[in-house]
Amino acid sequence: MKIELTSGKTLSATKNESIYHALRRQGIYLVASCGGKGVCGKCRVKLLEGRGRIISTGKLTPIDIDARFVLACQTFPEENIFIEIPEESRLVVGERIAISKSRDLFELLHSLKAEISPIVKRIQLNLPPPTIHDNISDLERLKRALDEKGMKGMRFSHGFVSSMATALRKADWKANLAYTDGPEAIFISPLKSKDRYGIAVDIGTTTIVVYLVNLTDGRLIDVGSTYNSQMRYGDDIITRIVYATEGGGLEELRDTVVSDINAILTPMIERHNIRIEDIESAVISGNTTMSHIFWGLSPQYIREEPYIPTMNLFPSWKAGTARLNINLQAPVYTVPCVASYVGGDIVAGVLASKMHRSDEVSLFMDIGTNGEIAIGNSEWIVTAACSAGPCFEGSGIRHGMRATEGAIESVKIDPRTFEPVINVIGNGKPMGICGSGMIDAISEMFLIGVIDQKGRFVREVKTGRIRDGVDGPEFLIFSRDGRDIVLTEVDIENILRAKAAIYAGVSLLLKEVGVTLDKIGRAYIAGGFGNYLNVDKAIILGMLPDLPEGKFKFLGNTSIAGAYLCLLSDTMRRKAEEIAGKMTYMELSVSRRFMDEYMSALFLPHTDIGLFPTVEKLLYKLYKK
Ligand code: FES
């Protein structure tokens, strides 16, 4: 059977293959937050001609159905079909995306008083060329020269030895031997070759960022990023773990992430005329599941109680094993993880925030796809993951999307007319609403009385914007050309659950360590989402604790910043290991007290308004005056 697209492209569909799977097999990817289970309603396509067996219409509205929309993952062609893929259903991966703001990295490195000391060290060797009288083997010749320099116990892998003979001759026996601590020989390069590069990689559940760095002076040469193409298999970590544990899934996910990194690297290398062999080391920073998948380790037991990862401290494996398109012998350092749901990205984040150096207690929050928290100072750090879920990245929200072009990022609602004024990323046509837009919209609706403390619509409010939709009551945020963007009561409930998980995590961790809010000196917010976050609104929502605004500091992508530090300095790598070793992990999912905290935080802003004096004052001003 054929699937014809409005773009003119024709694809095939096998018997009992859904439109979603057929498109995916042929390289066309749809937004599939639920991984093709028919629950998220994001894979809408318009069936213009032909028939298909429709298993479920899930989240489609009667208007959608009248307009011939179907869920691609729930529709199986029964004859040749002709379809249109709306813009909002297309998953654009592999394209450069906006980089979240990162602090001046070089300044950061200096402020941490770290000397540049790359993972790979070099020693100059001047070997006498072999003669008929001095005819020992190449490796013995190398060992003899190392002995003379007092270097004993060097290990030589098969990969090193197999390229050594040619490399020594090419260098005319005057060469640099690159080696790592161990010590282990890595490769031979000509003396004149001064170019030394490395890559720092942040593997996020949603995005992948690569920094190309000059290892001699620490200069950031280029930055590239892409959406993590693993999103084809689902938005959240759990969907990926499930996919990885299915037959062949792990290899597929691994290939996807490595291909993404290599695809970012290739144009960078070309742009700067860099030889692949001169990229001599790499640092990977990611959550525990992403780090496992990158190395081809099954994340299966991360998901099963008692939630045990295969490893937290990764050995320094080679780029060849990782299949990275750099010097195949290059060591790849993985920022150590702490537990199943607190990974190297959080260790890197703590390192970059410098909270581990301060005497005052700091709060670190990474509000990305999951929501991780660390509280501590130079002496101790406690950490937890709050299972907030990826709703702030658009998943599980009717018209939710990531903070990218076309996303409504801020919302202001007129208290008299209830007309929303919106800002759209890129100033184009709105296609959905992202995390910061959701937070704005809900806190605004709460302040002007459109929703109550439980997030339910107040039906007495006289506005046509509150209406009944396919999922129950909803608020119309935007409407044009038959495309409505709404926030439903179910969406609000999901967002309240996510914010409650984050607040409950912070609140419980604080109680566990006996620290009160007024003792928090700084609150660091990390993650791409943090760049667009309006602190006041997040406090009204009850997601962030009610601290003075001046205490909050946005750090952007701290995972990549920490990876950069580890790439350049031995001290930073040791620090990262020290931080990971010092972090006490609390498993919240089994804690009764977490459930209690969570239940109290499900309200706007909280059951105990006394915890949010700023919001209390604001409400008093609005309603009691
Ligand atoms: S409904 Fe089709 S991917 Fe979620």
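This report walks through the confidence, domains, nonpolar cores and one strand hairpin of a predicted model.

## Confidence

Let's begin with how far the prediction can be trusted by its own score. The protein chain has a mean pLDDT of 91, with 97% of its residues at 70 or more. One stretch to treat with care is residues 94–103, where the pLDDT is below 50. Beyond near neighbours in sequence, residues 94–103 still have 27 contacts in the model.

## Domains

The domain assignment divides the protein chain into three parts: domain 1 covers 2–89, domain 2 joins 105–115 with 196–334, and domain 3 covers 121–190. Between the C-alpha centres of domain 1 and domain 3 there is a distance of 59 Å.

## Nonpolar cores

Now for the interior. The largest nonpolar core holds 146 residues, and the members touching the most others are Ile199 and Tyr564. Helix H13, spanning residues 489–513, is the top contributor to this core, supplying 13 residues.

Ile199 is a nice place to zoom in. Apart from neighbours within four places in sequence, Ile199 is in contact with Val210, Tyr211, Leu212 and Val213, and also with Leu265, Ile279, Ala282 and Ile326. There is also a second, separate core of 22 residues, with Ala22, Val45, Leu47 and Ala72 among them.

## A hairpin

Finally, have a look at strands E24 (residues 466–469) and E25 (residues 472–480), which run antiparallel and are joined by four bridges. The two strands form a hairpin, with two residues between E24 and E25. Within this pairing, Asp468 stands opposite Pro473 of E25.

Notes. Residues are numbered from 1 along each chain as its sequence is written. This is a predicted model: local features need pLDDT of at least 70, side-chain atom pairs count only at pLDDT 80 or more; totals for chains, interfaces and linings use all residues. Two strands pair if DSSP finds at least two bridges between them. Domain bounds come from an automatic or database domain assignment. A nonpolar core is a set of buried Ala, Val, Leu, Ile, Met, Phe, Trp, Tyr and Cys residues joined through C-beta atoms within 7 Å. A residue is buried if 20 or more other C-beta atoms lie within 10 Å of its own, exposed if 12 or fewer, and partly exposed in between; C-beta atoms are placed from the backbone. Two residues are in contact if their C-beta atoms, placed from the backbone, lie within 7 Å. pLDDT is the predictor's confidence in each residue, from 0 to 100.
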